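The following paragraphs lead the reader through selected parts of a protein model. Please keep the sequence and the coordinates at hand while reading.

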Amino acid sequence: MKTLIVHAHPEPRSLNSSLKDLAVSTLENAGHEVRVSDLYAMNWKTVVDAADYGSHASSPLKVALDSGQAFEAGTLTPDVLAEQEKLLWADTIVFQFPLWWYSMPAILKGWVDRVFTYRFAYGVGEHSDTKYGERFGEGTLSGRKALLSVTAGGPESHYAARGINGPIDDLLFPIHHGILYYPGIEVLPPFVLYGTDRMTDEDYADVAKAWEQRLLTLDSTEPIAFRPQNFGDYEIPSLHLKEGLEPAGRRGFGLHVRGC
């Protein structure tokens, strides 16, 4: 297995950095190939701008179209091209980050904004009466799996179905479904650690054991059963879920997950 770890935490001695290091050693010791994109250590440029597209940047700037032209011409900046190559190389992508303000750190969102260009991660495939592009289950990155490894400062009860922060599955849905599943990546259930602001060294021993177990079972873990877009569950072109397919009582984001 070839695994890319995308790491987003500024402190090398943080819990997130420890989990990243443990992932590298665990996977390599099990015979897997590992590459790491440590975004803070790389001093990753966060914002999209005309410099990303060189001679293909229009005025006024059209981010989607310009990024697609630069991608097709092979003239994206070297840092972006390198990350796209890593994604195409990988079988599995692990994202290691803290949950900040109910989402990923800005540097990781900037990685997505710059790397997931038009014609690479979206805007691919045919658009017809029966198909609305290759996305949500199809696309450039299909055949790969991804896992979010997330740390949260609050206790688990705050992220439960009736918790004040909202269910963790809902908070992560935009990443799971909108960023990863959109270009075809199968999404594994996340590894989430709660109450990490109060975690002790003694707690970490149990955390490390659980993390190692998740890493060593990536191949056998069933992905979240998101509904593919072009295989009959949705009306096209409205992309509304067809009546009667939702489990009784299911609503919101849960409509887009198959199962009872």
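**A strand and its partners**

Val150 of β4 has Val192 in β6 as its bridge partner. This is a convenient place to enter the model, which is predicted. Strand β6 comprises residues 191-193, and three bridges join it to β4, the two strands running parallel. Strand β5, residues 186-187, also pairs with β4 in the parallel sense, here over two bridges. Within that pairing, Ala146 is matched with Val187 of β5.

A further partner of β4 is strand β3, which spans residues 92-98; seven bridges connect these parallel strands. One of the positions to inspect is Thr92, which stands opposite Lys145 of β4. Between β3 and β4 the chain passes through helix α4, residues 106-115, and the resulting β-α-β crossover is right-handed.

How many residues of β4 are buried? The strand runs from residue 145 to 151, and seven of its seven residues are buried. Their side chains are divided between two directions: Lys145, Leu147, Ser149 and Thr151 point one way, whereas Ala146, Leu148 and Val150 point the other way. Both sets are buried.

**Helix α1**

Attention now turns to the helix formed by residues 15-29, α1, which contains Ala23. Its 15 residues, at 1.5 Å a residue, should span 21 Å, and the end C-alpha atoms are 21 Å apart, so the expected and modelled values agree. Just after the helix, Gly31 adopts a positive phi of about 95 degrees.

Buried residues of α1 include Leu15, Leu19, Leu22, Ala23, Val24 and Leu27, and also the polar-named positions Asn16, Ser17, Lys20 and Thr26. Against which elements do the buried residues of α1 pack? They pack against strands β1 (2-7), β2 (33-38), β3, β4 and β6, and against helix α6 (201-216). The strand β4 described above is therefore one of the packing partners of this helix, as are β3 and β6.

Ala23 illustrates the arrangement at the level of a single residue. Because its relative accessibility is 1%, Ala23 counts as buried. Apart from neighbours within four places in sequence, Ala23 is in contact with Ile5, Trp211 and Leu215. The C-alpha atom of Ala23 is separated by 9.0 Å from that of Val94, although the two residues are 71 residues apart along the chain.

**The annotated span**

An unreviewed UniProt entry carries the annotation "domain: Flavodoxin-like fold" for residues 1-215. In the model, that span is 36% helix and 14% strand, and its end C-alpha atoms lie 11 Å apart.

Technical notes: Residues numbered from 1 in each chain as written. Predicted model: local features only at pLDDT ≥ 70, side-chain atom pairs only at ≥ 80, totals over all residues. Heavy atoms only, no water. Buried < 20%, exposed > 50% of the residue type's maximum accessible area, 1.4 Å probe, protein only. Helix = DSSP H or I, 4+ residues; strand = E, 2+ residues; numbered from the N terminus. Pairing = 2+ DSSP bridges. Right-handed = clockwise from strand over helix to strand, strands pointing away. Contact = heavy atoms within 4.5 Å. UniProt positions renumbered as here; feature names shortened; annotations may be inferred. Expected span 1.5 Å × (residues − 1).
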